[in-house]
Amino acid sequence: MIRKTCCALAPFQAGLLIAFLLGSYAAAALPAAIGIGALVFALCRKVRAYTAVIAVSFCAGVAASCVYTALIYDNTIAFDGQVVSVKGYVYDMKEYDSGACVLTVKGRINEKVDARLGFFVNKSLLNSLSYGEEVTVTGKVYKISNSYSKAEGVFLQGRSVQSLVTHGKGRHKLFAAAKRLRDKAYDTLSVYGEGGAALGAML
């Protein structure tokens with residue numbers, strides 16, 4: 001059962017990764033994968049079942065990535081270099097060793113596109129906010145190349161905030177509690193040196 005599950009999930013993840021690396025050329029991987037799968041299927045009768053599962057799973061991963069790119073990523077980065085207003089809630093808050101503070105807001109850009117946006121803010125502003133708090137943030141945003149941020153679904157980042165308006169705590173209480181628990185776990189693990197901090201960063 002475990003082997004069958006791996007045969008189905010691993011190619012799907014591989015398809016997502018290949019599509020991410022290929023970028024705009026990801027769609028070209030579909031016919032290539034289908035062709036290779038069909039060739040192996042025809043030549044290797046003993047592993048036809050595995051070949052079919054792997055090929056379908058891989059193609060599904062590539063297709064899922066292409067759909068995500070077309071519907072979410074492309075629509076989000078279309079705001080690159082523009083002043084936008086995003087209405088949503090505080091999704092994440094991070095303070096780095098360099099002293100930089102980043103506020104991540106999950107909401108709707110100009111009432112058109114749902115996305116997560118990061119903004120560099122000063123420490124006092126960051127400390128005045130809380131997870132799940134409803135906000136409207138305005139600022140000029142740019143497409144980012146940071147792979148870690150992309151993995152978190154953040155494709156645009158503002159170097160500063162022109163205005164920030166709060167609208168109360170909102171309805172994200174369970175989410176806020178989970179984030180606070182994560183921060184507490186990180187602080188606890190950080191006491192144990194670099195290894196603990198690295199483990200905490202994975203939370």
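Me: What makes α3 count as bent at Thr69?
Reply: In this predicted model, the helix turns by about 45° there. The bend is the angle between two axes, one fitted to the seven residues ending at a residue and one to the seven starting there. Residues are numbered from 1 along each chain as its sequence is written. As the model is predicted, local features need pLDDT of at least 70 and side-chain atom pairs pLDDT 80 or more, while totals for chains, interfaces and linings use all residues; side-chain values use heavy atoms, without hydrogens and water.

Me: How do you know that the length of α3 agrees with its number of residues?
Reply: The expected span is 1.5 Å times one less than the number of residues. For the 30 residues of α3 (48-77) that gives 44 Å, and the end C-alpha atoms are 41 Å apart, which agrees.

Me: Why is Ser65 called buried?
Reply: Ser65 sits in helix α3 and has 13% relative accessibility, so it counts as buried (under 20% relative accessible area is buried, over 50% exposed, in between partly exposed, with a 1.4 Å probe and protein chains only). Leaving aside neighbours within four places in sequence, Ser65 is in contact with Leu16, Ala19 and Phe20 (contact means heavy atoms within 4.5 Å). Other buried residues of α3 include Thr51, Phe58, Val62 and Tyr73.

Me: Asn110 and Glu111 share a loop; which of the labels buried, partly exposed or exposed does each one get?
Reply: Both lie in the loop between β2 and β3. Asn110 has 28% relative accessibility, so it is partly exposed. Glu111 has 69%, so it counts as exposed. Each has a positive phi without being a glycine: about 50° for Asn110, and near 60° for Glu111.

Me: What makes a group of residues a nonpolar core, and how many residues has the largest one here?
Reply: A core is a set of buried Ala, Val, Leu, Ile, Met, Phe, Trp, Tyr and Cys residues joined through side-chain atoms within 4.5 Å. The largest has 22 residues, and Val90, Met93, Leu103, Ile109, Leu117 and Phe119 have the most contacts inside it. Strands β1, β2, β3 and β4 each give two or more residues to this core, with the largest share, 5 residues, coming from β3. Apart from it lies another core of 7 residues, among them Ala19, Ala26, Ala29 and Ala33.

Me: How do you know that β4 pairs with other strands, and which ones are they?
Reply: Two strands pair if DSSP finds at least two bridges between them. β4 has 7 bridges to β1, 4 to β6 (residues 163-166) and 3 to β5 (residues 154-158), so each pair meets the rule. The pairing is antiparallel with β1, with β6 and with β5. Examples of bridge partners are Val86 with Val137, Val135 with Thr166, and Lys143 with Leu156. β4 is also mostly covered, with 7 of its 10 residues buried.

Me: What makes a stretch count as a helix or a strand, and how many of each are there?
Reply: Both are DSSP runs numbered from the N terminus: helices are H or I over at least four residues, and strands are E over at least two. The chain has 7 helices and 6 strands, in the order α-α-α-β-β-β-α-β-α-β-β-α-α from the N terminus on.

Me: What share of the chain is buried?
Reply: Buried residues make up 34% of its 203 residues.
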